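Here's a quick walk through one protein model, meant to be read with the structure open beside it. Take a look before reading on.

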Amino acid sequence: MTEECELHSTRDAKGQYLFDLICHHLNLLEKDYFGIRYVDPDKQRHWLEFTKSISKQMKSQPPFTMCLRVKFYPPDPAALKEEITRYLVFLQLKRDLYHGRLLCKTSDAATLAAYILQAEIGDYDPGKHPEGYSSKFQFFPKHSEKLERRIAEIHKTELMGQTPETSELNFLQKAQMLETYGVDPHPCKDVSGNPAFLAFTPFGFVVLQGNKRVHFLKWNEVTKLKFEGKTFHIYANQKEDKKIILTYFAPTPEACKHLWKCGVENQAFYKLEKSSQVRTVSSSNLFFKGSRFRYSGRVAKEVMEQSAKIKREPPAIHRAGLVPSRSCPSITHGPRLSSVPRTRRRAVHISIMEGLESLRDSAHSTPVRSVSHGDSFIPRSRSQAAEAGDSSAVIADETYSPSDSVLPTPVAEHSLELAVSRQINGAPCSIEEEKESEAGTPMGVEPGELGADSRAAGSLQAAALSEAEQVNKFVLSVLRLLLVTIGLLFVLLLLLIVLTESDLDVAFLRDIRQTPEFEQFHYEYFCPLRRWFACKLRWVGGLLINK
């Protein structure tokens, strides 16, 4: 379930103001791990930049709908200082598990699900929990009856007496060891056209392809991240001075830029020792081309040092319980946080996080069923992953394929179907759509109802648009290069004229002054132009003096 808050801000309020308002509402101090995510009208997801105005980042009209999410996963979530922070990370990981982002083998899956049950419904009670009660809840994209029985068995026999805090802590410790902990998948294609998922984790950059982790680069090995159009490059230096360049292709230029910015921020957060070491990064080697971006927050080491200084009474946490129902009620918080006059406010709807309790005492979170995407989970431990380096690692029996409803950008092959079903880019345009997409409820025509002709037409149209985009980008690149070249030549010409007309007694300039061509240019063009400028300046000066 999602807690909704309606906040109001001024027209020029920056993202930091809104983020601080939300953290104050949640009584959250360890806030650097979190961010605000939104989706633009083109269905591309973004992280709200705190140093920029909210209204300038939004392409849509207010009210704006955004979601609070974990942006930087803690390297050791169990070591977080405050329980409220651990609880919010727990909710995010529970969401990742539900959508198939967080993979694990069957035995670990049963344990994680049992921890969730213990944390949210408490000890097993035969009077309240009849036979098969665990099947009423959905923890994964798909699971078998055998797994459901194992979840109930662990919950009944091994977790009795555990408090919600202890169960959540055990969940975090277990999840942190999984291969896909902290993965926010970006769908791409490799140079051969094969689909892949790129992600940035607390430990480095990973590429998931099929049922394997085909690349793992530690943050201290990654030297540069670049993108141009839809093409994304990762430069790295591995052991024995082995240099590698990985190239992948995003579905759209906007998706590629989002991928690049996520990589720049994650690398700065996890790799640097101090925020003062953060530098502005360019996406291209040429100064007149590409995008420039700078991470503006604190780095992981500073965040942990600041957390150690927190000394206050732990804030109360109001957890929501699970109830066996297939409906997902909409919960909206009554109080509105505001510090400006209503005439100058802009409404912002914030989806805080699934699992937070509503102000209504009777509200409960609700388990829902989802579209299945595989039921096998094979992980590797964190230590094994670190030692494996760039070697391939099997992460699942089946292909890694998180729910389409949570992908950062539409996968190219399914863009037509996703557009029709409106399961768009993992972040629907409203809170209600997000709940329906997460529940696996179709909101339009099913993909299977589309005929072969319409799919073929859509593919041809997409191919034509792609070729047109490439041609347009090439033409713009050539024009940009031509304009910059002409500008540089003009500046150099002006500099040469100034030097030759000056009194500098340099042999090179003296030889130029003695040429017939320069004397002709000097007397026929430069001197009359100089007199005309001097006359105009005297005329303007006279007007200013008379006034």
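What follows goes from the whole chain to a run of strands, a helix and a pair of cysteines.

First, some ground rules. This is a predicted model, so local features need pLDDT of at least 70 and side-chain atom pairs count only at pLDDT 80 or more, while totals for chains, interfaces and linings use all residues. Residues are numbered from 1 along each chain as its sequence is written, and side-chain values use heavy atoms, with hydrogens and water left out.

**The whole chain**

The protein chain has 14 helices and 15 strands; these are DSSP runs numbered from the N terminus, with helices being H or I of at least four residues and strands being E of at least two. Of its 547 residues, 46% count as buried. Here buried means under 20% relative accessible area, exposed means over 50%, and partly exposed is in between, using a 1.4 Å probe and protein chains only. The accessible surface adds up to about 27800 Å², and carbon and sulfur atoms own 56% of that; the areas come from the Shrake-Rupley method with a 1.4 Å probe, and for residues only the protein chains shown count as cover. Among contacts (heavy atoms within 4.5 Å) with a separation of 6 or more, 70% link residues 24 or more positions apart.

**Strands β6, β7 and β8**

Strand β7 covers residues 204-209, and six of its six residues are buried. β7 pairs with both β6 and β8, where pairing takes at least two DSSP bridges between the strands. Here are the two pairings side by side:

| Strand pair | Sense | Bridges |
|---|---|---|
| β6 (residues 195-201) and β7 | antiparallel | five bridges |
| β7 and β8 (residues 212-218) | antiparallel | six bridges |

G204 is a handy landmark: in β7 it is the bridge partner of T201, and it also stands opposite K218 in β8. A hairpin takes β6 into β7 through two residues. The hairpin of β7 and β8 also has two residues between the strands, and there G210 takes a positive phi near 65°.

**Helix α5 and its neighbour α4**

Helix α5 runs over residues 145-157, and its 13 residues should span 18 Å at 1.5 Å a residue; the end C-alpha atoms are 18 Å apart, so the two agree. (The expected span is 1.5 Å times one less than the number of residues.) Which residues of α5 are buried? They are L147, E148, I151, A152, I154 and H155. These cover an arc of only 160° around the axis, which puts them on the same side of α5; the arc is that of the directions from the helix axis to the C-beta atoms. On the face turned away from that buried side sit the exposed residues E145, K146, R149 and T157.

What helps cover the buried residues of α5? The cover includes α4. S107 lies in α4, residues 106-121, and is partly exposed, at 42% relative accessible area. The C-alpha atoms of S107 and I151 are separated by 9.2 Å, with their positions 44 residues apart along the chain.

**Cysteines**

How many disulfides does a search of the whole structure find? Zero, with a disulfide taken as a pair of cysteine sulfur atoms within 2.5 Å. For C188, the closest cysteine sulfur is in C256, and at 7.0 Å that is too far for a bond. C188 counts as buried because its relative accessibility is 7%, and C256 counts as buried at 0%.

Terms used: Expected span 1.5 Å × (residues − 1).
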